[in-house]
Amino acid sequence: MAYYEARPQRILLPVNPLFMAGTLIAALIFNLLPWPGAVGLPDLLALVLAFWCVHQPRKVSVGKAWLMGLAMDAANGALLGQHAFAYAILAFAANALSRRLLWFGLWPQALQVFILLMGTQLIMLAIRMTAGSPFPGWLYFLGSIIGALLWPLATMLLLAPQRRPESVDETRPI
């Protein structure tokens, strides 16, 4: 299939707001788990926020991303506002790019999500270093790469409840 050919599109069911909130809370809990010495852990909350901002830009806004970031800052004991600011910028950029991003396949989307996740990490790093923290090393950015590689899996899992069954009813037009 050539890059410019139309991909078959499926009609999705409306998203359940409880499912959306549950995935955001589960990602927040994943981020808050103690991972001593772990290198390259993706910021799962940033990934799920980006996903919902791309797929449901009217339901996940900059304000909700800000609140999730404040929860991360308060729970982590981090510099108050670093996650909130970074997640708000991520949500704004993902909302702005949502229509464009959905035209691409999963791997080109993952490349663009990598740029969003890297920008989020750079914002948090700049805030931390401005406050006096040392540079954590280049492996700090491995989380963005792994997060982008998880994008196709996250897309399949998070869209699964919205997919219609493959069976076709001949009496219905859609």
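**Helix 3 and a nonpolar surface patch**

In this predicted model, helix 3 runs over residues 62-76, and its 15 residues, counted at 1.5 Å a residue, should span 21 Å, which agrees with the 21 Å that separates its end C-alpha atoms. Just after helix 3, Gly77 takes a positive phi of about 70°.

Which residues of helix 3 are buried? They are Ala65, Met68, Gly69, Met72 and Asp73. These residues cover an arc of only 140° around the axis, and therefore they lie on the same side of helix 3. The spacing fits a broader rule: an α-helix has 3.6 residues a turn, so residues three or four places apart point the same way. On the other side of helix 3, by contrast, Leu67 and Ala74 are exposed. The cover over the buried residues of helix 3 includes helix 1 (17-32), helix 2 (44-55) and helix 4 (82-101).

Further along the chain, attention turns to the surface. Here Leu106, Trp107, Ile145, Leu149, Leu153, Met156 and Leu157 form a nonpolar patch, and together they have about 700 Å² of accessible area. Helix 5 (106-130), helix 6 (142-149) and helix 7 (151-159) are the elements that give two or more residues to this patch, and the largest share, three residues, comes from helix 7. One residue of the patch, Leu153, is found in helix 7. Is Leu153 buried, partly exposed or exposed? With a relative accessible area of 42%, Leu153 is partly exposed, because that term covers values between the limit of under 20% for buried and that of over 50% for exposed.

Methods: Residues are numbered from 1 along each chain as its sequence is written. This is a predicted model: local features need pLDDT of at least 70, side-chain atom pairs count only at pLDDT 80 or more; totals for chains, interfaces and linings use all residues. Side-chain values use heavy atoms; hydrogens and water are left out. Helices (H or I, at least four residues) and strands (E, at least two) are DSSP runs, numbered from the N terminus. The expected span of a helix is 1.5 Å times one less than its number of residues. Buried means under 20% relative accessible area, exposed over 50%, partly exposed in between (1.4 Å probe, protein chains only). The arc is that of the directions from the helix axis to the C-beta atoms. Contact means heavy atoms within 4.5 Å. Patches are made of residues with over 30% relative accessible area and no salt bridge: like charges are joined within 9 Å, nonpolar side chains (Val, Leu, Ile, Met, Phe, Trp, Tyr) within 5 Å. Accessible areas come from the Shrake-Rupley method with a 1.4 Å probe; for residues, only the protein chains shown count as cover. A salt bridge is a side-chain nitrogen of Lys or Arg within 4 Å of a carboxyl oxygen of Asp or Glu.
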